[in-house]
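This report covers the contacts and overall form of one protein chain, followed by three selected residues.

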Amino acid sequence: KMAKVNQATLTEALEKIMAFSNGEEIERNGETVQGKKRNFTETIDLQVTLKNYDPRKDKRFAGSFKLPTVPRPNLKVCVLGSAAHCEQAKDLGFPHMSVDDLKKLNKNKKLVKKLAGRYDAFVASQTLIKQIPRLLGPGLN
């Protein structure tokens with residue numbers, strides 16, 4: 001059974017979590033606990049359940065929510081595409097590779113791993129997506 005949480009309790013809990021992750025002392029269960037500063041970005045997941053709402057039947061909620069900060073500001077994406085998609089990527093200023101560029105890698109593991117390390121994500125054309133494993137081998141996994 002789920003319980004309702006009032007806003008003050010939720011805000012206090014989040015403030016304690018943030019203070020603990022910054023290395024400050026907090027009080028938990030009547031005792032003082034020293035936090036520890038981490039060398040990575042910590043995240044908090046919040047799960048919300050709505051009463052009397054079936055997402056398969058009801059489509060009451062639609063839209064988007066803009067986050068106050070960008071989650072990955074330096075995300076590097078490479079377009080693997082046909083000539084038309086490479087031209088669009090070039091016009092927009094995105095890095096791109098065509099089928100001929102991928103064939104030049106010739107399943108060379110070192111070159112494929114270097115390519116995979118250079119970018120955070122890849123976007124591929126519909127026509128090219130099935131050819132990628134054959135062109136590059138298993139190095140992008």
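## Contacts along the chain

In this predicted model, 44% of the contacts in the protein with a separation of 6 or more are made by residues 24 or more positions apart. The fold contains 5 helices and 5 strands. Read from the N terminus, the order of elements is α-β-β-β-α-β-α-α-β-α.

## Overall dimensions and surface

The radius of gyration of the protein is 24 Å, whereas a compact globule of 141 residues would have a value near 14 Å. The C-alpha trace spans about 65 × 45 × 30 Å along its principal axes.

Of the 141 residues, 16% count as buried. The exposed area of the protein is about 12500 Å², and 53% of this area comes from carbon and sulfur atoms. The protein carries 26 positive and 15 negative charges, and the mean positions of these two sets lie 11 Å apart.

## Ser21 in helix H1

Helix H1 covers residues 7–21 and includes Ser21. Ser21 counts as buried because its relative accessibility is 14%, and the cut-off for buried is under 20%. A polar atom of the Ser21 side chain lies 2.9 Å from the backbone oxygen of Met18.

Which residues does Ser21 contact, leaving aside its neighbours within four places in sequence? They are Lys36, Lys37, Arg38 and Glu42.

## Ala89 in helix H2

Ala89 belongs to helix H2, which is formed by residues 83–92. With a relative accessible area of 4%, Ala89 is buried. Apart from neighbours within four places in sequence, the contacts of Ala89 are with Val79, Phe94 and His96.

Cys78 is 11 residues from Ala89 along the chain, and the C-alpha atoms of the two residues are separated by 8.8 Å.

## Ser125 in the loop between E5 and H5

Ser125 sits in the loop that runs between strand E5 (121–124) and helix H5 (132–136). Is this loop residue Ser125 buried or exposed? Ser125 counts as buried, because its relative accessibility is 4%.

When neighbours within four places in sequence are left aside, Ser125 is in contact with Leu80, Gly81, Ser82 and His85. Of these contacts, His85 falls within the residue range 83–92 of helix H2.

Technical notes: Residues numbered from 1 in each chain as written. Predicted model: local features only at pLDDT ≥ 70, side-chain atom pairs only at ≥ 80, totals over all residues. Heavy atoms only, no water. Helix = DSSP H or I, 4+ residues; strand = E, 2+ residues; numbered from the N terminus. Rg over C-alpha atoms; globule rule 2.2 N^0.38 Å. Buried < 20%, exposed > 50% of the residue type's maximum accessible area, 1.4 Å probe, protein only. Contact = heavy atoms within 4.5 Å. Areas by Shrake-Rupley, 256 points an atom, 1.4 Å probe, with all protein chains shown as cover. Lys, Arg positive; Asp, Glu negative; His and termini not counted. Charge placed at Lys NZ, Arg CZ, Asp CG, Glu CD. Polar contact = N/O pair within 3.5 Å; in protein donor to acceptor, adjacent residues only side chain to side chain.
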